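Open the structure in your viewer and keep the selection panel at hand. The stops below go from one chain to the place where two chains meet.

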Amino acid sequence: MEPSLSRGTLVRFAIFAVLVVLPWIAHAMDDPFWITIATRMLIYGLAAMSLDLILGYGAMVSFGHAAFFGLGAYVVGVLTHHNFYDEVIPFLPIEWVGSMSAFVQWPLAMLVSGFIALLIGVLSLRTQGVYFIMITLAFAQMLYFFMIGLPDYGGEDGLNLWQRSEIPGLDLSDSSQFYYVVLVLVSLWFLLSRRVVESRFGRVLTGCRYNEPRMRTLGYPVVRYKLLAFTISAMGTGLAGALMANQNEFVSPSLMAWSTSGELMVMVILGGMGTLIGPLVGAFLLLSFEEVLAGLTEHWMVILGPLLVFSVLFARGGLYRFLVGQRDDE
Amino acid sequence: MLFLEQLLNGVQLGMMLFLMAAGLTLIFGIMHLINLAHGSLYMVGAYFTATVTVMSGSFAIGLFGGCVAAACCGVLIELLAMRHLYHRDHLDQVLATFGIILTANEATKMIFGPQALFLNPPDWLSETVQILPDTPYPAYRLFVIISGIVVALFLRHLITHTRLGMLIRAGATHREMVTALGFNISLLFTVVFALGAGLAGLAGGLAGPLLAIEVGMGEQILILTFVVIIIGGIGSVKGALVAGLLVGIVDTLSRAFLPTLLKTMLPTASADALAGSVSSMAIYIVMALVLIVRPEGLYRAYGT
């Protein structure tokens with residue numbers, strides 16, 4: 001399929017080009033608020049792209065990815081909080097007052113999300129299908145209530161961060177600079193995810209999606225492959241959470257609410273499942289919908305809800321596949 | 001006898017969860033459909049029960065109205081959306097019902113206003129009953145427990161002793177055969193969906209005098225219901241009853257007694273910090289334990 005391949009490259013390049021020049025346009029139009037919105041979209045896009053790794057390639061319908069999003073955010077929140085007040089983090093075996101450095105905070109956010117995902121995955125992957133959906137949702141809700149029940153970190157009210165993470169030579173409180181940092185990370189994560197998907201590991205995962213018993217019969221330790229994919233996906237989502245904490249300069253349990261998991265899934269589906277770049281498009285689509293509808297009426301959800309149902313019932317394959325002229329089964 | 005009181009509260013919560021889970025588990029067992037909007041039907045039941053009770057002056061009529069309203073909404077949802085989703089994968093079902101939740105929540109806010117409604121138990125249930133000497137217990141909560149038992153007996157009779165029940169069991173295991181024998185399977189699906197919706201509406205109506213009736217109440221109980229179904233085993237009404245009681249009792253008792261228990265084991269400061277978190281996690285820990293021992297849940301499906 002040579003023609004559609006080049007069209008795909010073209011579309012990807014166009015998306016990237018628009019993202020690169022966006023801050024200039026926003027400044028030229030004297031509307032820097034667009035940069036903030038675009039940063040949010042990119043961050044959600046990163047989370048949705050990570051979810052696509054297991055949803056689109058591994059056919060694991062995780063309804064609990066908001067948990068990893070929130071965990072990533074809380075890692076940044078807790079580290080910043082302790083560092084700012086110069087307090088030792090109480091639940092660690094070592095005496096450490098946290099850190100402001102992005103090179104500490106962000107990888108740690110990914111590691112914590114990945115570790116928790118490993119634990120949840122070990123239990124959840126004992127089951128399949130609809131059980132898996134409900135169990136991931138239940139565990140995410142457990143973590144949500146866990147954070148609500150922790151008064152030391154703000155409980156239900158959340159935690160204010162007094163500053164963003166620090167990268168030497170950059171000023172992340174500048175919205176344009178932060179935007180480019182996010183863009184670089186999203187691009188890197190996309191390239192990495194594509195490598196994963198195209199590797200032998202990714203092929204096995206796709207094989208499981210089409211016919212898991214066959215893959216098992218071929219001798220692949222299917223559960224271990226799925227567990228690793230689940231963990232990688234959670235790490236990407238955790239990174240997105242860490243960025244979100246910086247973007248909002250605030251973390252609260254609402255980042256982990258079940259509706260956030262739902263929104264991430266909607267982004268993947270609207271943009272195109274199993275395309276990696278599609279979820280990014282989906283994030284832009286859903287958040288712009290919300291932005292536009294919220295401008296129209298206070299009760300915008302009563303429009304968005306039926307739109308979602310309709311898009312599930314009638315529009316299949318997602319926007320990205322439509323853009324690149326690819327059919328659903330490719 | 002604080003313990004007995006809390007135990008009964010747990011049983012009462014368990015009965016509510018059973019009402020929710022029974023419908024959801026039947027819908028899943030028979031149609032292989034995951035329905036997130038089940039919580040919305042619970043909310044519809046609660047709002048209509050409150051409204052009809054105020055209009056008619058009778059809680060019994062209100063409860064009936066809430067049930068009927070939820071069942072009607074259920075039929076509407078089934079005809080408009082669910083019917084087209086039976087052959088799709090679970091992901092599509094999740095997304096479509098997620099859309100329905102958003103719509104239902106916002107529509108409820110528009111119709112009934114954003115503030116919570118409150119409903120008093122009817123006069124004949126507002127007293128307390130002496131369950132043991134010196135142990136008064138609210139009559140209304142006993143009424144909820146008894147309602148749950150009645151529904152459990154009714155469902156047992158329906159599924160094992162009636163023609164509809166026979167079709168439900170047959171439809172769950174041999175769908176093609178039921179169709180081939182000339183039964184209208186899509187009518188059966190609509191009926192089961194309406195039955196499940198009615199039970200959710202009943203649960204919502206019964207919850208009315210106990211909780212604030214507000215938008216979002218459905219999702220709170222929906223997730224507990226999922227835990228019940230995971231523990232009980234998908235498709236099993238008996239599992240829904242046992243697991244509902246288990247989750248209700250564990251949740252209530254851990255919230256009531258775990259904080260005090262923690263204080264005896266940990267220094268007060270960390271006990272205070274952790275008590276809220278740990279007690280709300282108890283049911284999920286039970287769920288994880290059940291998953292380790294029996295990944296398919298306590299009861300096999302269709303073994304009602």
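**Chain A, then the contact with chain B**

Select chain A and colour by secondary structure: 12 helices and two strands appear. Keep in mind that this is a predicted model. Following chain A along the sequence, you meet the elements in the order α-α-α-α-α-β-α-α-α-β-α-α-α-α.

Now show only the C-alpha atoms of chain A. Along the principal axes they fill a box of roughly 55 × 50 × 40 Å. The radius of gyration of chain A is 20 Å, which agrees with the value near 20 Å for a compact globule because that value is set for 330 residues. Of these 330 residues, 49% count as buried. Take the contacts in chain A between residues at least 6 apart in sequence: 76% of them join residues at least 24 apart.

Next, select A:Ala138 and B:Val227. In the largest nonpolar core, which has 207 residues, these two touch the most other members. Helix H1 of chain B, residues 2-31, gives the most to this core, with 17 residues.

Stay on A:Ala138. Which residues is A:Ala138 in contact with, leaving aside neighbours within four places in sequence? They are B:Ile223, B:Phe226, B:Val227, B:Ile230, B:Tyr284 and B:Met287.

Finally, select the contact between the chains: 37 residues come from chain A and 36 residues from chain B. On the side of chain B, helices H4 (90-112), H9 (217-232) and H11 (268-293) each give two or more residues. H4(B) has the largest share, 15 residues. Colour this side of chain B by residue type to see 25 nonpolar, eight polar and three charged residues.

Terms used. Residues are numbered from 1 along each chain as its sequence is written. Chains are lettered from A and ligands numbered from 1 in the order in which they are written. This is a predicted model: local features need pLDDT of at least 70, side-chain atom pairs count only at pLDDT 80 or more; totals for chains, interfaces and linings use all residues. Helices (H or I, at least four residues) and strands (E, at least two) are DSSP runs, numbered from the N terminus. The radius of gyration is taken over C-alpha atoms; the globule rule is 2.2 Å times the number of residues to the power 0.38. A residue is buried if 20 or more other C-beta atoms lie within 10 Å of its own, exposed if 12 or fewer, and partly exposed in between; C-beta atoms are placed from the backbone. Two residues are in contact if their C-beta atoms, placed from the backbone, lie within 7 Å. A nonpolar core is a set of buried Ala, Val, Leu, Ile, Met, Phe, Trp, Tyr and Cys residues joined through C-beta atoms within 7 Å. Ala, Val, Leu, Ile, Met, Phe, Trp, Tyr, Cys and Pro count as nonpolar, Asp, Glu, Lys and Arg as charged, and the others, Gly among them, as polar.
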